[in-house]
Amino acid sequence: MTHRQLFFQHVAQTSDFPLALEIERAEGVFLYTATGQRYMDLISGIGVSNVGHRHPNVLEAIQNQLDKYLHLMVYGEYVQTPQTQLAHAIADTLSSYTGPHGKLSNVYFTNSGTEAVEGAMKLAKRFTGRTEIISCFNAYHGATQGALSLSGDENFKRNYRPLLPDVRHIRYGHLPDVEHISQRTAAVVIEVVSAESGIRVPDPAYLQAVRQRCTDTGTLLIFDEIQTGFGRTGTFWAFEGFGPVVPDVLVCAKGMGGGMPIGAFISSPEVMGVFKNNPILGHITTFGGHPVSCAASLATLNVIRNEQLYAQAEAKGQLFRQLLADIPAIRAVRGKGLMLAAEFDSFAVLKPVIDRAIERGVITDWFLFCDNSMRIAPPLIITEAEIHEACAVIRDAVGV
C-alpha cells in the first residue's frame, strides 16, 4: 500500500479534498517530492516558516538541545535554559513599550496559538473578575471550544454549539462598535491585521480608539499576533506599525518556532501574577515551552532580528503588488509587508487559478472567511528573483 493510500485510510481528514502532496524534504522557500518535483511555498505552511524551511541556525539549535535534554517536568517548575533565554529575548523585543499595567515582560509558553488564546482568555477573566469577551466578526482565533467561541463566522461554529457564553462580536475597523466595550467586558481579543477575513489593514485611529476604550473601562486589550508577529508585516510585532497602541496581553505562535510547535501569551508581571493564587497553578500545561521548541524559537527570533528580515518585508510585498498590478482578473491586492491577499471576483474564479499554480510549482491558498482572495505570505527570506518567479507562475495560471 502506498503512503498516499495510507494517508487517506489512517490520517484523519479535515476536508474531502486535501492537497495530498507527498513532500520528501524542504529547504528555504521550496518543498520537494520524492520524484524531484519542486514547489515554492508561497504561504509558509500558513504563516509558520518565516525564516524558511530548515533554516541552518534553527537546525543547529535543535540539535544542540537534543544533546542536552528533552521534556523534564511540567511547565514552570524547573529552570530550563531554553525557556529562560527565549522569554528574555521576547521581552527584549517589547522593552520599549509600556501598557496600562506595565511592560510586557512575562511570557507563558504554550504548544500552539490556540492554546495561547485559551490562556489569554482565562487570564483576562481572572484578572478583571468579569465574564464578557469581545472579538470581531470574520476573525479566527483557534479551533478549541473556547477559541472557537471567539471566531466570528457562524458557519464554523453552528454545529459545535453550545460554546462559551457571554462572547460578543463587533465589526472589525468600525469605530462606532468600539462603544460596545464596557465595564463588564473582561477583554477585547483582536487581530492587529485581520487575517482570515482576507488581510484587512485597519486605520491606526481604529486600534488607538480600541486601546483608549479598553483603558477607560478597565478592559484588557489582547492582540492576536499569531499570524502577524515575528516580522511578517514589516515590523517585528505588527502593532509597532500603528502608532501609540500597546496591548495588555500579546499572543503569538506560528512564525515564532521556525517550524517547531510553540506559542505564547505575554503580559506584565502584575497581570500574569494572578495565576499564582486562588487557585494555585491557575493555568498549567505539560508540554508548553518544550525545550527543543524554545531553542528553535530563540534561533528564529535571532535570525529575524539580526538579519532585519522584518525590515525587508514591506519592499518585498510592494514588489508582489507591482508584478500583479496589471492582471485584470485581480481586483485588488491588500496587505501589509509579506501578508497579502489578491482579490478575484469569486471562489469559482480563484480556485482553478490556485490549482494551476500548484501544477506549475507554486503553492498558494485562499482564506477561511474570504474565499475569493489568494493568500500570499511566503517566507521572509524570499528573494526578489523568487518573487519574480512566483508572480510569473501566477500570471500564467491566471492566463495573462
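Which residues line the second largest cavity? In this predicted model, the list runs Leu70, His71, Leu72 and Met73, then Gln80 and Gln83, and finally the stretch Thr286, Phe287, Gly288, Gly289, His290 and Pro291. Sorted by class, that lining comes out as five nonpolar and seven polar residues, with no charged ones. The space inside the second largest cavity is about 40 Å³.

That one belongs to a set of two cavities of 30 Å³ or more. The largest cavity holds about 70 Å³, and its walls do include charge: seven nonpolar, two polar and two charged residues make up the lining. Among them are Ile43, Ile46, Gly47, Arg232, Met339, Leu340 and Arg375. If you want secondary structure elements to look for, helix α2 (44–47) and strand β14 (339–343) each give at least two residues to the lining of the largest cavity.

Now for an open space. The second largest pocket has a volume of about 550 Å³, and 23 residues line it, with Tyr75, Gly76, Asn106, Val107 and Tyr108 closest to its centre. Strand β6 (106–110) and helix α4 (81–93) each contribute at least two lining residues, and β6 has the largest share, with four. The class split for this pocket is 12 nonpolar, nine polar and two charged.

Two of those central pocket residues turn up again when you look at rings. Tyr75 and Tyr108 are linked by ring pairs into a cluster with Phe265 and Phe275. Across the whole model the count is 15 aromatic pairs. Take Phe156 and Phe369: their ring centres are 5.4 Å apart and their planes stand at 85 degrees, which is over the 60-degree cut-off, so this pair is edge-to-face. Phe156 sits in helix α7 (residues 154–157), while Phe369 is in the loop between β16 (365–367) and β17 (370–376), so the contact ties together parts that are 213 residues apart in sequence. The two partners have their own surroundings: Phe156 is partly exposed at 32% relative accessible area, whereas Phe369 is buried at 14%.

Compare that with Phe230 and Phe236. Here the centres are 4.8 Å apart and the planes are at 50 degrees, so the pair is tilted. Phe230 is buried, with a relative accessible area of 1%, and Phe236 is buried too, at 5%.

Rings also meet charges in this model. The charged end of Arg25 is placed over the ring of Tyr32, 4.0 Å from the ring centre. Lys336 lies over the face of Phe242, and there the distance to the ring centre is 5.3 Å.

What about the cysteines? A disulfide is a covalent bond between the sulfur atoms of two cysteines. How many disulfides does the structure hold? The count is zero. For Cys252, the closest cysteine sulfur is in Cys294, 11 Å away, so the gap is too far for a bond. Cys370 tells a similar story: its closest cysteine sulfur, in Cys136, is 16 Å off, again too far for a bond. Buried or exposed, then, for these two cysteines? Cys252 is buried at 0% relative accessibility, and Cys370 is buried with a relative accessible area of 6%.

How values were computed:
Residues are numbered from 1 along each chain as its sequence is written. This is a predicted model: local features need pLDDT of at least 70, side-chain atom pairs count only at pLDDT 80 or more; totals for chains, interfaces and linings use all residues. Side-chain values use heavy atoms; hydrogens and water are left out. Rings of Phe, Tyr and Trp (its six-membered ring) pair if their centres lie within 6.5 Å; planes under 30 degrees apart count as stacked, over 60 as edge-to-face and the rest as tilted. Buried means under 20% relative accessible area, exposed over 50%, partly exposed in between (1.4 Å probe, protein chains only). A charge sits over a ring if NZ of Lys or CZ of Arg is within 6 Å of the ring centre and within 35 degrees of the ring normal. A disulfide is a pair of cysteine sulfur atoms within 2.5 Å. On a 1 Å grid over the protein atoms alone, a cavity is a set of points where a 1.4 Å probe fits but cannot get out, and a pocket is an open set with protein on both sides within 12 Å along at least five of seven lines; lining residues have an atom within 4 Å of a point. Grid points are joined across faces, edges and corners, and a volume is the space filled by probe spheres set on the points. Ala, Val, Leu, Ile, Met, Phe, Trp, Tyr, Cys and Pro count as nonpolar, Asp, Glu, Lys and Arg as charged, and the others, Gly among them, as polar.
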